[in-house]
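Trainee: Hi! I'm about to look at a structure that is new to me. Could you walk me through it?

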Amino acid sequence: MRRMFTAATAALTLTTAGTMLAGTPGQAAPSGWGRPVVTAAPQPGAPGLGDSYFPDYGNGGYDVGHYDVRLRYDPASDQLSGTTTILATATQDLSAFNLDFLLDVESVRVNGWAASTSTAGTHELVVTPARTVTRGQQLTIVVRYAGIPSETLVGGYTGWTRTDDGAMVVNEPEAAWWWFPSNDHPLDKATFDISVSVPTGVEVISNGVQPRPPAAEAGNRTRWIWRTTSPTAPYLAFLAIGQYDIVTDTTPGGQPVVNAYSTSLGALGPAARASIERTAEIIDWESGIFGPYPFEAQGGVAGPVDGIGFALETQTRPVYGPGFWRRGANTYVVAHELAHQWFGDSVSVADWRNIWLNEGFASYAEWLWSEEQGEGTAQEVFDFAYASYPADDEFWQVLPGDPGAARIFDGAVYDRGAMTLHQLRLAVGDDAFFEILPAWTAEHRYGNGTIEQFQALAEQISGLDLDDLFTTWLFTAGRPDVATTARKATAAPTAPKSWAKISESHDLLSH
Ligand SMILES: [Zn+2]
């Protein structure tokens, strides 16, 4: 789903977080962190939220409610500058707090008072306010900054992709660092206003709706404004800047649709349109299975030929790389990214270790779509997928329930992840299975979840003890034996019609 650099940084950041976090977890700390220590003197907010894989992603001591990101961008130079205003609430008395950010900071103000700043770790901006912050205090944090994001590297890596005609910032789990300061972990969601001034003639696409049409500014420039009113994890905010054909519409249910197609796609353009234009139809179908669509807008972005090589479930508007259209339309990747709107975006991981809750479910949505399209039942896809990985294949050594920081997008998280859900469906039966999915999205709507919570819900609804099933399929190396399950894989199954598109998608999404 993304280019990786995290294996190196995860090891690096353990030290930083480990030393600085002791005794000062800021907010709703994940298990494993100490209880808040009651002290007389205000303490610095933690530099991370204690994620098992990425301990210094996000920060402690405050909770963000809203980001106002106001930028100016020049494609010719890749120069990005602007101001982000963060509305937050302090969750402890703070002498200092961190933001996750990489560009050069000109100034930071906290409630109007100039603050001092320094940097730490791989991506930490340490803000020391002029006045101590008290628990429960409303904070208005104004950060002014500038930089060239494509040249701002961490471990040789940038999450910002410069293209021939602009740029895109679409990445997981780290994307915000290169364009706005944030509390960068799915545990702290917020609403967004995003506006970008670009030379007139350049398009800017982002999340949500356009409160007003693009407006002319001095110097032959145009400002684009986007608004997201549902809670959004920082990595799910995105920008696509360049030459795009934009198609707007309204669904029968009244939701605004914004689809955008890079003009660089050329002969790939029709296949991109034949896939992405089916977004509203697929959302409607998925709503019948997963529960009400959680967001205020819909759409998709077909990125340029020199942009990203994968696709990402950026909230309300997934972004797709060009590779998905090389062999014609591919609605399977669309079904995958749209399923993430429920599984990943509305219900986000509480800890990146739980990535199966995103990728296993979005992959299984493709199997259900195959069934819906008459291109192979989920059982047929299971049989073929299972048989396509020999028992001694390394594939079976990756644990979808705990793949490790460097393998959160391993193919096993997708394919074995989907197999796990199919086994759950066989174990509990269709009635219970299709009750569990919408119950999960309702219970954790706009929040976070863990695998353990999902198992508990599945057990509660089915009345079955599912510990063996989850342990075997998610947490045990080796190919599980399906002879003991309700259905047995045939010896040499033939490929369902959907398999070429599903496997092509997973080859591009995973690595
Ligand atoms: Zn995915």
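Trainee: How are the donor residues of the zinc ion spaced in sequence?

Mentor: They follow the pattern H-x3-H-x18-E. Before we go on, this is a predicted model, where local features need pLDDT of at least 70, side-chain atom pairs count only at pLDDT 80 or more, and totals for chains, interfaces and linings use all residues. Residues are numbered from 1 along each chain as its sequence is written, and side-chain values use heavy atoms, with hydrogens and water left out.

Trainee: Thanks! Which atoms are the protein donors of the zinc ion?

Mentor: They are NE2 of His336, NE2 of His340 and OE of Glu359, lying 2.0 to 2.1 Å from the ion. Donors here are N, O and S atoms within 2.8 Å of the metal (3.2 Å for Na, K and Ca); water is not among the atoms, so sites may look incomplete.

Trainee: And where do His340 and Glu359 lie?

Mentor: His340 is in the loop between helix H4 (331-339) and strand E21 (348-349), while Glu359 is in helix H5 (residues 356-373), so the pair ties together parts that are 19 residues apart in sequence. Helices (H or I, at least four residues) and strands (E, at least two) are DSSP runs, numbered from the N terminus.

Trainee: Is His340 buried or exposed?

Mentor: His340 is buried, at 0% relative accessibility. Glu359 is buried too, with a relative accessible area of 0%. Buried means under 20% relative accessible area, exposed over 50% and partly exposed in between (1.4 Å probe, protein chains only).

Trainee: New topic: which residues of helix H10 are buried?

Mentor: In H10 (residues 467-475), they are Leu469, Phe470, Trp473 and Leu474. Seen down the helix axis, they fall within an arc of 90°, so they line one face of H10. That arc is taken from the directions from the helix axis to the C-beta atoms.

Trainee: What do they pack against?

Mentor: They pack against H5, helix H6 (378-388), helix H7 (411-428) and helix H9 (451-462). Contact means heavy atoms within 4.5 Å.

Trainee: Now the sheet. What is the strand order?

Mentor: The 11 strands of this open, mixed sheet run E1-E4-E7-E6-E5-E8-E3-E2-E11-E14-E13. E1 (43-44) and E13 (215-217) stand at the edges with a single partner strand each, so one side of each has no neighbour in the sheet. Strands pair if DSSP finds at least two bridges between them.

Trainee: How do E2 and E11 pair?

Mentor: E2 (residues 62-74) and E11 (residues 190-199) pair in the parallel sense over 7 bridges. Ser197 in E11 is the bridge partner of Arg72.
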